[in-house]
Amino acid sequence: MSLQIRKERVAIYPGTFDPVTMGHMDIIHRAAKQFDRLIVAVLNNLSKNPLFSVEERTELLRQATADLPNVEIDSFRDLLVNYVRQKDAQVIVRGIRTVTDFEYELQNASINHNLDPNAETIFMMTNPKYSYLSSSVVKEIAHFGGNVSDFVTPEVEQAMKLKFSQRDGASG
């Protein structure tokens, strides 16, 4: 009888996470149950003008996932398939809120699979109570002083208040 060593199941959940929302956290918690290790990878997206720096986003994610021992927070600035290879991951996790998300994510999954046939993508449907939620909406609400406590963790809410008060103070 031979002992078979099972390869660690590693998944990457990539995103901008500017900021991380309760919808993201829902996917993180659920995906963490499915894999030995989940790497939440903050994309340093050159085409976006983020509210938070990559370092701030990774730190907010570390705080939000501190209770999940198999979740690792990282950042990358490369093709996703290169990052997946580098981390020896088998799966890319993507959250889906709407049909529009699905069409966009299906296109990305197809391109990633074309670039690397070993790059498998799984889609997780967002909890319906977060299906309307996006980082953009949360930022807009916070910018105008609205209550975002149902949409983000307390740490993110505080960081947003601080960020917007600094911006408003600098422009006024």
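The exercises below concern a predicted model, and each task is followed by a worked solution.

**Exercise 1. The nonpolar cores**

Task: State how many residues the largest nonpolar core has, which residues have the most contacts inside it, and which elements supply it.

Solution.
Step 1. The largest nonpolar core contains 36 residues. Those with the most contacts inside it are Ile28, Leu38, Val40 and Val93.
Step 2. Two or more residues of this core come from each of strand 1 (10–15), helix 1 (22–34), strand 2 (37–43), helix 2 (54–64), strand 3, strand 4 (91–96), helix 5 (135–143) and helix 6 (154–171).
Step 3. Helix 1 gives the largest share, 5 residues.
Step 4. There is also a second, separate core of 12 residues, which includes Ile39, Ala41, Leu80 and Val84.
Step 5. Take valine 40 as one member of the largest core. Not counting residues up to four places away in sequence, valine 40 touches Tyr13, Phe17, Ile28, Leu61, Val71, Glu72, Ile73 and Asp74.

**Exercise 2. One face of helix 5**

Task: Name the buried residues of helix 5 and state how they are arranged around the helix axis.

Solution.
Step 1. Ser135, Val138 and Ala142 are the buried residues of helix 5.
Step 2. Looking down the axis of helix 5, these buried residues fall within an arc of 60°, so they line one face of the helix.
Step 3. Just after helix 5 comes glycine 145, with a positive phi of about 80°.

**Exercise 3. Two residues of helix 1**

Task: Decide whether methionine 22 and histidine 24 are buried or partly exposed, and list their contacts, leaving aside neighbours within four places in sequence.

Solution.
Step 1. Methionine 22 is in helix 1, and histidine 24 is in helix 1.
Step 2. Buried means under 20% relative accessible area, and exposed means over 50%. Methionine 22, at 24% relative accessibility, therefore counts as partly exposed. Histidine 24, at 17%, counts as buried.
Step 3. With neighbours within four places in sequence left aside, methionine 22 is in contact with Tyr130, Leu133, Asp150, Phe151, Val152 and Thr153.
Step 4. Not counting residues up to four places away in sequence, histidine 24 touches Tyr13, Phe17, Pro19 and Ser135.
Step 5. Serine 135 can also be compared with methionine 22: the two are 113 residues apart in sequence, and their C-alpha atoms are 9.7 Å apart in space.

**Exercise 4. Salt bridges**

Task: Give the number of salt bridges, then describe the pairs of arginine 37, aspartate 116 and aspartate 101.

Solution.
Step 1. Side chains of opposite charge can pair when their charged atoms come close. The count of salt bridges is 13.
Step 2. Arginine 37 and glutamate 8 meet in a salt bridge through their side chains, at 3.4 Å from N to O. Arginine 37 lies in strand 2 and glutamate 8 in the segment before strand 1, so this pair ties together parts that are 29 residues apart in sequence. Arginine 37 is partly exposed at 22% relative accessible area, and glutamate 8 is partly exposed at 38%.
Step 3. Aspartate 116 forms a salt bridge with arginine 85, and their closest N and O atoms are 3.1 Å apart. The pair links distant parts of the chain, 31 residues apart: aspartate 116 is in the loop between helix 4 (99–115) and strand 5 (120–125), and arginine 85 is in helix 3. Aspartate 116 counts as buried at 8% relative accessibility, whereas arginine 85 counts as partly exposed at 47%.
Step 4. The side chains of aspartate 101 and arginine 97 meet in a salt bridge of 2.9 Å, N to O. Aspartate 101 is buried, with 15% relative accessible area, and arginine 97 is partly exposed at 32%.
Step 5. Salt bridges that share partners join Glu8, Arg37, Glu72, Asp74 and Lys87 into one network.

**Exercise 5. Two loop residues**

Task: Locate leucine 79 and alanine 66, and say which surface patch Leu79 helps to make.

Solution.
Step 1. Leucine 79 is found in the loop between strand 3 (71–76) and helix 3 (80–86). Its relative accessibility of 48% means that leucine 79 counts as partly exposed.
Step 2. Leu79, Ile111 and Leu115 make a nonpolar surface patch of about 270 Å².
Step 3. Alanine 66 is in the loop between helix 2 and strand 3, and it is exposed, with a relative accessible area of 64%.
Step 4. Alanine 66 and glutamine 86 are 20 residues apart along the chain, with 24 Å between their C-alpha atoms.

Note on methods. Residues numbered from 1 in each chain as written. Predicted model: local features only at pLDDT ≥ 70, side-chain atom pairs only at ≥ 80, totals over all residues. Heavy atoms only, no water. Patch = residues over 30% accessible without salt bridge, like charges linked within 9 Å, V, L, I, M, F, W, Y side chains within 5 Å. Areas by Shrake-Rupley, 256 points an atom, 1.4 Å probe, with all protein chains shown as cover. Salt bridge = Lys/Arg side-chain N within 4 Å of Asp/Glu carboxyl O. Helix = DSSP H or I, 4+ residues; strand = E, 2+ residues; numbered from the N terminus. Buried < 20%, exposed > 50% of the residue type's maximum accessible area, 1.4 Å probe, protein only. Core = buried A, V, L, I, M, F, W, Y, C linked by side-chain atoms within 4.5 Å. Contact = heavy atoms within 4.5 Å. Arc of directions from axis to C-beta.
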